[in-house]
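Thanks for asking me to look this over. My comments are below, with the model itself shown first.

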Amino acid sequence: MQHTMVPSDRVEHVAVYGCDGTKLGTIERLMLDKVSGTVAYAVIKTGRLLGIHHHYPVQWSALKYDPGRQAFQAELTPEQLSSGPCEFDGDEFDWGDRSRPYPHPNYWSI
């Protein structure tokens with residue numbers, strides 16, 4: 001019998017594809033809300049551009065698992081993903097700070 005539970009370490013490094021079929025990146029980590037116990041968002045790690053990875057937060061609810069592809073699907077294009085908040089390798093980014101609103105609906109909201 002198939003169930004819908006998956007350990008977090010099995011979600012990390014899974015590919016994420018955009019609405020146009022383009023690979024956006026992979027899930028680097030999940031951010032959990034300590035109070036509610038739910039996954040708030042996933043951090044998507046994109047490919048290297050000039051040797052630097054970019055890391056983007058996307059609401060967990062915006063990702064849908066595609067069993068045929070064994071990957072996640074997001075209703076985002078690469079341009080929409082890159083228009084949101086971002087951390088570059090080595091940056092100090094407060095992943096828990098959700099105080100700044102962003103225009104795309106798949107990012108966190110306040």
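The numbered points below cover the strands and the nonpolar core.

1. A word on the basis: this is a predicted model, where local features need pLDDT of at least 70, side-chain atom pairs count only at pLDDT 80 or more, and totals for chains, interfaces and linings use all residues. Numbering runs from 1 along each chain as its sequence is written, and side-chain values use heavy atoms, with hydrogens and water left out.

2. I would start with strand 3 (residues 39-45), which is largely enclosed by the rest of the structure because 5 of its 7 residues are buried. Buried here means under 20% relative accessible area with a 1.4 Å probe, protein chains only; strands are DSSP runs (E, at least two residues), numbered from the N terminus.

3. Strand 3 runs antiparallel to strand 2 (residues 23-32), and 6 bridges join them. Strands count as paired if DSSP finds at least two bridges between them. The hairpin they form has 6 residues between the strands, and Gly37 there takes a positive phi near 80°.

4. Strand 3 is also joined to strand 4 (residues 54-59), antiparallel, by 5 bridges. Ile44 is worth a look: its bridge partners are Ile27 and, in strand 4, Tyr56.

5. The largest nonpolar core (buried Ala, Val, Leu, Ile, Met, Phe, Trp, Tyr and Cys joined through side-chain atoms within 4.5 Å) has 17 residues, and Val16, Ile27, Ile44, Val58, Leu63 and Phe72 touch the most other members. Strands 2, 3, 4 and 6 (71-74) each supply at least two of its residues, with the largest share, 3 residues, coming from strand 2.

Definitions and conventions:
Buried < 20%, exposed > 50% of the residue type's maximum accessible area, 1.4 Å probe, protein only. Helix = DSSP H or I, 4+ residues; strand = E, 2+ residues; numbered from the N terminus.
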